[in-house]
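Dear colleague,

Please find below the sequence and structure that I am handing over to you. My notes on what was found follow directly after.

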Amino acid sequence: MSFVPMTTLMRHAQDHHYAVGYFEAWNVESLLAVVDAAEDLNSPIIIGFSGMFVDNPARRRPEDIYHYGALGKRVAERAKVPVALLLNEADHLPILVNGLKAGFNAVMYVKEHATLEHLVEVNQYLVQTAHYCEAAVEAELGELPTADVATGKMSSGSLTDPDQAAWFVKETGVDALAVAIGNVHLLEGAKSGVDFKLLQELRRKVPVPLVLHGGTGVAPADFAKVIDLGIAKVNVGTVLKRVFINTLKQQLGADVSKVDPHDLVGRGGPADVLMAAREAMSREVAGFLRLFRSENQAFKV
Ligand SMILES: [Zn+2]
C-alpha cells in the first residue's frame with residue numbers, strides 16, 4: 001500500500017485502541033517475514049533494524065546502513081499494507097543521521113547510563129534533523145533492565161517517572177516515548193511484571209504515543225491491558241530470532257548431504273531452510289498482531 005510516517009500509524013493505533021507492532025529484522029528473510037504476516041492479516045506495521053546490531057563494532061565486516069535503508073524503504077513502498085521503517089536503538093548519532101539519509105522514516109537513540117542532560121541534548125538535535133527529513137523520533141526515558149539470554153540474569157533498570165517524562169517530551173519534541181514500566185529487554189518466557197498504575201499515570205501526563213519495548217517478555221494476557229491503558233506501539237525482537245534459529249536447526253538437523261543444495265537455499269520450496277525460517281517467524285509475528293488487535297486495521301489508516 002504505502003510507506004507511511006510512524007506517527008500516522010501510532011496515532012491511528014492510539015485512537016482505535018490497538019497497538020502497531022515493530023518487529024525487528026536482521027536480514028532479508030526476517031524483514032519479509034514481518035511483511036508477510038502483516039499482509040496476511042491486513043495489519044499496519046513497523047519494520048526495521050537495530051542500529052546497535054548493524055553498527056556493532058565487533059562485526060567481522062562493517063555493514064552499510066544505506067543498504068538497509070534502501071531495502072527497507074523499497075519493501076515498505078511495495079507492501080500491501082501501510083508500513084513505517086524504523087532504525088531502532090542506535091547508540092551513536094552518525095548512523096542515525098545516515099539512516100535518515102538512507103530512507104528510514106523513524107529513528108531512535110539510546111545510550112546506556114546516559115544522563116538526562118545528554119538525552120535531552122541529543123534528542124533535541126535528532127528531532128530537528130529528523131523532522132527536517134519528515135521522519136519521526138522515538139526516545140526512551142527510564143532504563144529497561146536487560147536479560148542475559150544465555151544465563152537469564154537481569155541487569156538493574158529504572159522506571160519512567162511520569163513528571164520527568166512529560167517535561168522531557170516538551171523539552172525535546174520527540175514523537176513517541178518508550179517507557180520502562182516493568183518490561184525487560186531480551187527477556188524470554190513472558191516473565192515481566194507490568195506496573196499498570198504507572199502506565200496509567202504516564203498516559204495521563206505524556207502527550208505523545210507510548211511504546212512498550214521487550215514484547216517477548218510480556219505475558220500474552222497483559223497486552224490487552226497495556227493497550228487499553230494507552231500503549232500504541234509494541235517492540236518484539238528476541239522471540240523472532242529464537243523461532244528463526246530453532247527452525248534452521250530443525251531443518252538442517254536431518255542428513256542433508258544428499259540433498260540438492262539449490263533446494264536447501266535459494267529455491268524457496270518446501271526444503272529451503274531460509275523459507276522455512278521465514279514462514280515460522282511470520283506465524284510468530286501473526287500471533288502478536290492478533291494480540292495487538294491490529295488485524296484488519298490496514299485499510300482504515
Ligand atoms: Zn528496545
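**Glu-89 and the zinc site**

Glu-89 is a residue of strand S4. Please bear in mind throughout that the model is predicted. The backbone at Glu-89 deserves attention, since its phi is near 50 degrees, a positive value in a residue other than glycine. Most residues other than glycine have a negative phi. Glu-89 is also buried: its relative accessible area is 10%, and buried means under 20%.

Which residues coordinate the zinc ion? Glu-89 does so through OE, His-185 through NE2 and His-213 through ND1, at 2.0 to 2.1 Å. Along the chain, these donors follow the spacing E-x95-H-x27-H. Glu-89 belongs to strand S4 (residues 82-90), whereas His-213 sits in the loop between strand S8 (210-212) and helix H9 (220-228), so this pair ties together parts that are 124 residues apart in sequence. Like Glu-89, His-213 is buried.

**From S4 to S5**

The strand that carries Glu-89 is joined to S5 by three bridges, and S4 and S5 run parallel. Within this pairing, Leu-86 has Ala-106 of S5 as its bridge partner. Between the two strands the chain passes through helix H5 (residues 93-102), and this β-α-β crossover is right-handed.

In a regular strand the side chains alternate between the two faces of the sheet. In S5 (residues 106-109), Ala-106 and Met-108 point one way, while Val-107 and Tyr-109 point the other way. Are these residues buried or exposed? All of them are buried.

**From S5 to S6**

S5 also pairs with strand S6 (residues 136-141), in the parallel sense and over three bridges. Here Ala-106 stands opposite Ala-136 in S6. Ala-106 therefore has a partner in S4, namely Leu-86, as well as one in S6. The chain reaches S6 from S5 by way of helix H6 (residues 116-132), again in a right-handed β-α-β crossover.

**A second positive phi**

Glu-134 lies in the loop between H6 and S6. Although Glu-134 is not a glycine, its phi is positive, at about 55 degrees. What is the relative accessible area of Glu-134? The value is 69%, and Glu-134 is exposed. Glu-89, by contrast, is buried at 10%.

With kind regards

Methods: Residues numbered from 1 in each chain as written. Predicted model: local features only at pLDDT ≥ 70, side-chain atom pairs only at ≥ 80, totals over all residues. Heavy atoms only, no water. Donors = N, O, S within 2.8 Å, 3.2 Å for Na, K, Ca; no water. Helix = DSSP H or I, 4+ residues; strand = E, 2+ residues; numbered from the N terminus. Buried < 20%, exposed > 50% of the residue type's maximum accessible area, 1.4 Å probe, protein only. Pairing = 2+ DSSP bridges. Right-handed = clockwise from strand over helix to strand, strands pointing away.
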